[in-house]
Amino acid sequence: MGIKGKAALAIVVLLFFLGSMWLQGSLDYQWDSCLKGYIQINSPHHLSNGSEADSDEDGAILEVCPGQKFQVSELLSHLLAAPAPTNDVLLQPYLASWDELIKFMEALGPMVGLISQEIEAKTSIIRDLTLREAGSSDEGEVGLALGLVSGTRAHGGGQEETEASVAAPSSTYLSLRSMIHTELSRGLVDFQQMTESGCRTLLRLHRALLWLQVFLEKLGEGPVGGRLRSPSELCREAYQHTLAHHHSWFVRRAAEIAFIAMPERSFFYRLVCVTNQEEASVVLNRVVRAIGEVYDRTQGVLEEHGMLDLP
């Protein structure tokens, strides 16, 4: 069977799998993700994709890549903006990072695109929670929240007031810690059965983020045994080491079939606006480090609250 035949078979099998899981009401339990409907008001603040920790070689500002939706420069900018004081993660840039990662997955074709649709549905859950919370808050609180999320002060009260506001319980869905505080205090998190709480939803996305981090890290590696391994092989291996641990046998088989239609390596070069593996490694390693910082912070906060195994 040729590659086109394999791709066609993979599409049919995965569509059947996704449809059946959806009808059973367990698709979002199996695939896991979270985050997309935040209050994107005013014009967004400028984000730099440079980092003081970067060396001169890989600290250069990444340019916009013309002619495509996914922009690695935007992804890196949002990832670098997500870490917050007190070992926290701001949800607005975290969600924005997932917006770019969804575009990245959609660019890989219909197979991975189906996965991205499920992740996008997860992001909508948290954004809907955020919008509902904003609607129930008074005008002053909403204005303060929006200013803090965009990195500006809604009131001229100085740095001390801003940092205190970020940590305050009334900040609800501004950050990972504030979301956890809010949902625990309201009894919205169930440690025994499945719910659509923001915490559970974020845990699913957190697991998916590790899969993408490992995949991009492997994609940035040099030749092994004199050859560059195929993206399909690398993505399957990354999945086996991460998300596969949380999925049933049937889900694992369907996911691995989906990776058969993964584009060749040259496609990924174009996607991140480079021309060879050496350039790709520099860009991908920067992204992987930024993802790692966000992932490690999220892992620590979830572990602190005993939320790494929410059903």
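This report covers the overall make-up, one covered helix, the salt bridges, one loop residue and the internal cavities of a predicted model.

**Overall make-up**

The protein contains 13 helices and 2 strands. Of its 311 residues, 51% are buried. Its accessible surface is about 14,500 Å², and carbon and sulfur atoms account for 55% of that area. When contacts between residues at least 6 apart in sequence are considered, 73% of them join residues at least 24 apart.

**Helix α3**

Helix α3 spans residues 72-81 and is mostly covered, with 7 of its 10 residues buried. These buried residues are V72, S73, L75, L76, S77, H78 and L79. They pack against three elements: β1 (83-84), α4 (91-107) and α13 (277-304). Two of these partners, α4 and α13, come up again below in connection with salt bridges.

**Salt bridges**

Side chains of opposite charge can pair when their charged atoms come close. The count for this model is 10 salt bridges. Three of them are listed here with the separation of the closest N and O atoms.

| Salt bridge | N to O distance | Relative accessibility of each residue |
|---|---|---|
| D99 and R127 | 3.0 Å | D99 17%, R127 2% |
| E233 and R227 | 3.5 Å | E233 22%, R227 45% |
| E293 and R297 | 2.7 Å | E293 37%, R297 15% |

The salt bridge between D99 and R127 links distant parts of the chain: D99 belongs to helix α4 and R127 to helix α5 (residues 110-136), 28 residues apart. Which side of the burial cut-off do these two residues fall on? The limit for a buried residue is a relative accessible area under 20%. D99 is therefore buried, at 17%, and R127 is buried as well, at 2%.

The salt bridge between E293 and R297 lies within helix α13, where the two residues are 4 apart and so separated by about one helical turn. Its two ends fall into separate accessibility classes: E293 is partly exposed at 37%, whereas R297 is buried at 15%. Elsewhere, salt bridges that share partners join K218, R227, R229, E233 and E237 into one network. Within that group, E233 and R227 meet in a salt bridge; E233 is partly exposed, at 22%, and R227 is also partly exposed, at 45%.

**A loop residue**

A261 sits in the loop that runs between α11 (249-258) and α12 (265-271). With a relative accessible area of 25%, A261 is partly exposed. The C-alpha atoms of A261 and P231 are 9.9 Å apart in space, while the two residues are 30 apart in sequence.

**Cavities**

How many cavities of 30 Å³ or more does the model hold? The count is 5. The largest cavity has a volume of about 60 Å³. Its lining is formed by F70, V72, L75, F104, L216, V272, L284 and V287. By class, that lining has 8 nonpolar residues, with no polar and no charged ones. Helices α3 and α13 each supply at least two of the lining residues. V72 and L75, both in the lining, are also among the buried residues of α3. The buried residues of α3 pack against α13, and both helices contribute to the lining of the largest cavity.

Conventions: Residues are numbered from 1 along each chain as its sequence is written. This is a predicted model: local features need pLDDT of at least 70, side-chain atom pairs count only at pLDDT 80 or more; totals for chains, interfaces and linings use all residues. Side-chain values use heavy atoms; hydrogens and water are left out. Buried means under 20% relative accessible area, exposed over 50%, partly exposed in between (1.4 Å probe, protein chains only). Contact means heavy atoms within 4.5 Å. Accessible areas come from the Shrake-Rupley method with a 1.4 Å probe; for residues, only the protein chains shown count as cover. A salt bridge is a side-chain nitrogen of Lys or Arg within 4 Å of a carboxyl oxygen of Asp or Glu. On a 1 Å grid over the protein atoms alone, a cavity is a set of points where a 1.4 Å probe fits but cannot get out, and a pocket is an open set with protein on both sides within 12 Å along at least five of seven lines; lining residues have an atom within 4 Å of a point. Grid points are joined across faces, edges and corners, and a volume is the space filled by probe spheres set on the points. Ala, Val, Leu, Ile, Met, Phe, Trp, Tyr, Cys and Pro count as nonpolar, Asp, Glu, Lys and Arg as charged, and the others, Gly among them, as polar.
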